[in-house]
Amino acid sequence: MDFVLTACAGTTLDKVFHGFDTAVFDALGSTANSALTAFFKAVTFLGDAKFILLLLCVSAILLAFKKTRRIGLAVIISLVLSTLIVNIILKPTVMRTRPFITLADNSVFSARYKSIGSPFETDYSFPSGHTAAAFSYSTALFICLRKQKIKAAYILPFAAVLVMMSRVYLMVHYASDVVFGAVFGIASGIIGFFAACAAEKLLAKISLRKNGTAHSGYVSDRKNH
């Protein structure tokens, strides 16, 4: 019964967003060429698991320094949250089949898919994990860097949008998959930032209390002597 319900959820999404998804496929498909295909294959790496793992390692290093601790925390929390929501909960629950499988009988779609090298993904389609990851860390970093008045922060949302477009251009996701992926990613990024701020304040209070206790003990020892 559970399998039937989740399979229906995926099929329902196909029907509800059919017009929107098809229109976006047609629009991006009409721009397809070898140079653009190579570009989007490179861009999509910014949401890939290998890149995310590298980013998490860098963020973990940033935790060691007071000035960059908030950035490291925000990125880690946002990525963990988006992965939990999208890859662990929603994908296996909704069970939406990838477009290159569902639309395999569409001759126009199949021809375009083959022309870009037939990229293959093994998990479910909804929502887009690459898009969610890209928007989660981009949002968290954007807020952190913007507060520090670093202009390079404005590149991050643009990069996330390119990742989103690449998933549809490469025909491994529907447009509706990436839109919802972006929504969950942005939400995760915002939550990650505020959670990092809260954690940073909590650590500061704990540190202040420890230092205060140590200072009180030192003063007490001085008086006794």
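What follows is a chat about salt bridges, rings and empty spaces in a predicted model.

Colleague: Hi! What should I know before I start clicking around?

Modeller: This is a predicted model, where local features need pLDDT of at least 70 and side-chain atom pairs count only at pLDDT 80 or more, while totals for chains, interfaces and linings use all residues. Residues are numbered from 1 along each chain as its sequence is written, and side-chain values use heavy atoms, with hydrogens and water left out.

Colleague: Great. How many salt bridges are there?

Modeller: The count comes to 8 salt bridges. A salt bridge here is a side-chain nitrogen of Lys or Arg within 4 Å of a carboxyl oxygen of Asp or Glu.

Colleague: Nice, show me one. Which residue does Arg70 form a salt bridge with?

Modeller: Arg70 pairs with Glu200, and their closest N and O atoms are 2.7 Å apart. This pair links distant parts of the chain, with Arg70 in helix α5 (residues 69-94) and Glu200 in helix α10 (residues 175-224), 130 residues apart. Helices, by the way, are DSSP runs of H or I with at least four residues, numbered from the N terminus.

Colleague: Is Arg70 buried, exposed or partly exposed?

Modeller: Arg70 is partly exposed, because its relative accessible area is 30%. Buried means under 20%, exposed means over 50%, and partly exposed is in between, using a 1.4 Å probe and protein chains only.

Colleague: And what does Lys91 bond with?

Modeller: Lys91 forms a salt bridge with Asp123, the closest N and O atoms being 3.6 Å apart. Lys91 lies in helix α5 and Asp123 in the loop between α7 (107-115) and α8 (129-147), so the pair ties together parts that are 32 residues apart in sequence. The two ends sit in different surroundings: Lys91 is buried at 3% relative accessible area, whereas Asp123 is partly exposed at 32%.

Colleague: Which residues are linked in a network of salt bridges?

Modeller: That network links Asp14, Asp21, Arg96 and Asp177. Within it, Asp177 and Arg96 have their closest N and O atoms 2.8 Å apart. Asp177 is in helix α10 and Arg96 is in the loop between α5 and α6 (99-102), 81 residues apart. Both Asp177 and Arg96 are buried.

Colleague: Switching to rings. How many aromatic pairs does the structure hold?

Modeller: It holds 13 aromatic pairs. Rings of Phe, Tyr and Trp (its six-membered ring) pair if their centres lie within 6.5 Å; planes under 30 degrees apart count as stacked, over 60 as edge-to-face and the rest as tilted.

Colleague: Why is the pair of Phe100 and Tyr113 called stacked?

Modeller: Their ring centres are 5.3 Å apart and their planes are at 5°, so the pair is stacked. Phe100 lies in helix α6 and Tyr113 in helix α7, so parts that are 13 residues apart in sequence are tied together. Both residues are buried, and ring pairs link them with Phe25, Phe109, Phe120 and Tyr174 into a cluster.

Colleague: What about empty space inside?

Modeller: A search of the whole structure finds 1 cavity of 30 Å³ or more, with a volume of about 60 Å³. On a 1 Å grid over the protein atoms alone, a cavity is a set of points where a 1.4 Å probe fits but cannot get out, while a pocket is an open set with protein on both sides within 12 Å along at least five of seven lines; lining residues have an atom within 4 Å of a point. Grid points are joined across faces, edges and corners, and a volume is the space filled by probe spheres set on the points.

Colleague: Which residues line that largest cavity?

Modeller: Among them are Phe25, Leu28, Arg112 and Tyr169. Helix α2 (18-29) gives the largest share of the lining, 3 residues.

Colleague: And how much space lies in the largest pocket?

Modeller: About 310 Å³. Of its 21 lining residues, the closest to the centre are Gly47, Ala49, Asn87, Gly129 and His130. Helix α5 gives the most to this lining, with 7 residues.

Colleague: One last residue. What does Ile52 touch?

Modeller: Not counting residues up to four places away in sequence, Ile52 touches Leu46, Gly47, Leu79, Ala133 and Tyr137, where contact means heavy atoms within 4.5 Å. Ile52 is in helix α4 (residues 49-62) and counts as buried at 11% relative accessibility.

Conventions: Helices (H or I, at least four residues) and strands (E, at least two) are DSSP runs, numbered from the N terminus.
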